[in-house]
Amino acid sequence: MHVIDRRLNPGGRSLVNRQRFLRRARASVQQAVRESLRDRSIKDIDKEGQIAIPRGGIGEPTLRRAGRGGDRERVLPGNREYLAGDRIRRPPAGSGGGGSQAGEGEAEDSFRFVLSREEFLELFLDDLELPDLAKRKLTGVQAAALHRVGFTTAGSPANLSLSRTMQKALSRRLALRRPSRAELERMEAEIAALEPVARSDGERRRLADLVEQRARLGRRLARIAYIDPVDLRYRHFTPVPRPIAQAVMFCLMDVSGSMTEHMKDLAKRFFALLHLFLTRCYEQVEVVFIHHTDRAAEVDENTFFHSTVSGGTLVSSAHEEMLKVVAARYSPEDWNIYVAQASDGDNLVRDNPEVVGLLTRAILPISQYYAYIEVGAEEAPIPGAADTASDLWAAYEEVARGCGHFAMRKVHHRREIYPVLHELFRKRGAVEAAAAG
Amino acid sequence: MNPTTAQPLFTTSDWDFALIHRIHDAIEPIARAELGLDTYPNQIEIISAEQMLDAYASTGMPLFYKHWSFGKQFVANEALYRKGLRGLAYELVINSNPCISYLMQENSATMQALVIAHAAFGHNHFFKNNYAFRQWTDAEGILDYMDFAKRYIAECEERHGHEAVERLLDCAHALMHQGVHRHPRVRKRNLAAEAAREAERAAWRERIYDDLWRSLPAGPKAAPVPADERRQALGLPQENILYFLEKTAPRLQPWQREVLRIVRLIAQYFYPQRQTKVMNEGCATWCHYRIMTRLHEQHLITDGAFLEFLQSHTNVVSQPGYDAPHFAGFNPYAVGFGIMQDIARICDDPTEEDRAWFPDFAGTGNAPAVLRDAWANYRDESFIAQFLSPRLIREWRLFHVLDRQAQPELEVAAIHDERGYRAIRRALAREYDLARQEPDIQIVDVDLAGDRALVLHHLVADGILLDQEDARLVMQSLADLWGYEVQLHERDPATGRNLKSHVLKARH
């Protein structure tokens with residue numbers, strides 16, 4: 001009898017099968033992920049979770065007898081009341097024998113399983129792509145990685161490449177015709193054989209010849225080294241700059257009294273999702289929260305989402321604050337700048353020209369993307385009724401007309417957040433195609 | 001050693017490898033001397049829960065080729081397991097020589113003892129001795145063959161693309177249950193030689209390859225052959241559809257035939273397990289029950305451990321009544337163990353009724369011998385038909401219900417009384433008769449002179465037709481493999497009337 005401990009064997013033997021299954025059911029899994037997102041808090045987006053997909057696409061049909069029709073019989077345990085000859089009413093949806101199979105009905109319709117965090121995110125973000133990743137910064141120390149790049153003739157002993165050195169030495173020895181040990185030994189043997197028996201002149205001359213030849217070979221052998229310093233080769237490494245992409249995301253939000261909790265909640269989801277996208281595209285993503293009323297201030301996340309400040313509304317103040325922060329900490333040459341703004345659309349009318357000016361002159365040129373969402377009350381506008389545009393919306397429409405990386409949407413319910421982002425970050429190609437068409 | 005003074009093998013629930021050895025060595029004399037078990041050498045492997053899930057997904061085999069359906073099973077099991085809806089089996093055992101049993105590392109020492117008795121002795125004995133396994137499976141060669149199958153299919157994927165192989169496997173899996181020989185043929189198969197045979201064939205093909213053959217002009221058409229000669233030449237009628245395709249399908253590539261063969265041979269390997277579910281589990285359960293009881297009697301396990309064992313054992317063999325909310329048919333463990341316990345009782349302490357029903361062995365007092373004979377020579381259907389006793393029928397309060405399509409109500413045909421015993425026993429045995437539970441489908445003809453349509457008949461039993469949607473999908477797969485039209489006619493065997501036809505054309 002043998003006992004074998006297999007616990008340390010690599011696990012995940014089913015990983016390939018699992019991936020194949022997901023690939024097979026891709027369309028329905030993706031649909032399920034999208035739907036499950038609706039019920040998921042955005043904070044939990046990157047958690048694993050259970051999803052259910054319809055069985056149809058992943059069935060494994062076999063030739064089996066139908067579940068109903070025909071004459072059937074069954075033996076069942078636990079009889080308490082029946083006698084032979086009794087009649088039982090046919091159970092309504094039963095498949096014959098009267099066995100209770102209620103538990104199975106629901107499970108048959110959908111197939112439930114758990115997606116890991118990676119799989120979930122992968123599917124979730126699958127058809128999304130950030131608009132512009134052109135700006136990447138090459139920075140110093142931490143970004144350099146050593147890469148092997150061939151061989152050099154000088155280097156430290158630790159990097160000596162033995163195989164390459166021996167190869168060089170061999171080719172040099174061949175080229176210079178260094179006598180081999182075997183050759184020398186053969187000659188020695190010949191001399192040894194000839195020496196005691198050499199009598200005639202011819203033989204002596206032959207012997208002298210051989211001795212001289214041997215001396216020549218010996219000299220040659222001494223002169224041509226087995227390994228010469230010129231043979232030495234070292235593995236060569238060179239630092240290769242590794243691109244490090246870093247991004248900063250500015251969250252601008254109006255916190256004046258007109259912003260309800262519901263609106264803030266929408267805004268938060270929007271910011272969270274945007275942040276998630278950015279973290280997948282950049283190694284390092286910093287977030288700056290700026291809230292504003294008629295004055296703007298940089299705040300921490302908690303204050304940003306949970307404090308209400310009384311005052312009027314001056315959107316341009318937030319823009320100015322943001323430019324200040326950019327000037328102080330995030331030079332546009334080094335950082336990809338993303339701006340996300342959420343507001344209910346209120347602004348002092350006289351401030352609008354100022355906002356447009358700031359945007360077109362200062363902010364849009366330095367940012368990769370500017371996304372504006374206008375959050376509305378929970379009840380969506382009555383369909384058909386004219387959706388009255390806010391002043392800010394009207395002003396921004398003007399900006400958007402001439403600018404490819406400025407996007408604006410209206411959102412009323414959290415289920416609309418995802419489609420908005422989906423649209424905002426539609427694959428670049430599609431946007432351009434749409435623009436051209 | 002005086003049994004009353006023996007030290008228990010273990011007193012805590014922790015186990016280590018030395019303890020596993022000691023447990024095995026304590027069980028072995030009981031199994032061999034008292035129960036007369038004859039087993040393959042044992043190989044016990046300890047695995048983690050995750051590895052158990054992995055093994056589940058590939059029908060318990062340590063090696064299997066890759067296919068998405070195993071991934072589907074894996075995620076389904078995983079979801080149930082993680083939610084705590086389903087525990088994992090304590091063990092898995094493979095019909096191979098040496099017999100491999102997987103033990104979960106989470107098991108307590110008592111459970112490990114139970115599992116060793118159950119799998120490494122009970123199942124192992126059954127695999128080695130039951131006639132169905134002896135006839136149809138090759139315990140020596142199965143792991144080598146699985147290894148070959150895995151590598152061969154991976155190679156095919158490399159050569160012909162994942163998609164082509166996946167499509168082929170889908171089709172083959174759909175026909176898997178129609179890919180077994182139900183009746184023995186003469187030749188005993190040696191799975192290890194199969195791999196060598198295929199390698200040789202591939203080498204031969206490469207050696208004789210000559211591009212010139214392509215350019216040969218086509219010969220004159222052969223004269224038409226009479227129908228019955230044609231059928232005979234094709235070996236028709238044939239119920240093993242995969243076998244027929246492998247041998248005769250006109251448009252399959254050699255590698256496709258080999259893949260069909262792999263699926264068919266694996267289906268054949270598992271066929272005895274499907275035929276002997278009740279007996280196999282019953283045998284293992286009866287053995288572990290006997291062995292654990294003997295260990296306890298010899299004071300080799302403590303009272304606490306024995307209670308732990310009894311609790312788990314009782315769960316395993318519980319059989320809820322038909323109206324219980326968690327009733328899901330008969331529990332094979334309960335049925336198998338119940339009948340075997342009953343056989344032991346009849347051997348040792350028969351009633352008058354038992355003597356009348358089982359004159360052959362009632363009161364012989366040699367239960368292990370009678371059971372060994374049953375384990376060796378029966379499958380579920382014949383086992384129940386032979387050994388289900390009136391006493392058990394009463395104890396389980398079995399009743400027999402008829403559901404006639406023509407009648408508005410169900411009818412109770414028999415209950416656990418004098419008049420009903422035989423009817424119930426016959427009916428329960430029929431439920432375990434695979435040949436009756438599965439549709440009887442045969443390939444009957446090929447229209448060689450015309451459009452090469454393949455004709456199949458389903459001999460409809462009890463007026464139960466095939467599930468329409470599934471039948472259509474499977475026939476489509478079959479048509480794709482065959483390469484031409486496929487017709488499936490569902491016939492009433494009594495009148496020969498055609499009840500339904502499925503006709504499908506190949507998609508490429």
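**Exercise 1. Find what share of the 508 residues of chain B counts as buried.**

Start with the criterion: a buried residue has 20 or more other C-beta atoms within 10 Å of its own, an exposed one 12 or fewer, and a partly exposed one falls in between, with C-beta atoms placed from the backbone. Apply it to chain B: 44% of the 508 residues are buried. The model is predicted; local features need pLDDT of at least 70, side-chain atom pairs count only at pLDDT 80 or more, and totals for chains, interfaces and linings use all residues. Residues are numbered from 1 along each chain as its sequence is written, and chains are lettered from A and ligands numbered from 1 in the order in which they are written.

**Exercise 2. Classify the angle between H6(B) and H11(B).**

Take H6 (residues 142–160) and H11 (residues 254–275) of chain B. Helices are DSSP runs of H or I, at least four residues, numbered from the N terminus. Axes are lines fitted to C-alpha atoms over the stretch in contact, with angles from 0 to 180 degrees between N-to-C directions. The two axes come within 11 Å and cross at roughly 150°. Angles over 145 degrees count as roughly antiparallel. Therefore H6(B) is roughly antiparallel to H11(B).

**Exercise 3. Decide whether Gln213(A) is buried, exposed or partly exposed.**

Locate the residue: Gln213(A) sits in helix H7 (residues 201–223) of chain A. Count neighbours: 14 other C-beta atoms lie within 10 Å, so Gln213(A) is partly exposed. Add a distance: its C-alpha atom is 8.6 Å from that of Met187(A), 26 residues away along the chain.

Note on methods: Helix = DSSP H or I, 4+ residues; strand = E, 2+ residues; numbered from the N terminus. Parallel < 35°, antiparallel > 145°, perpendicular 65-115°, else oblique.
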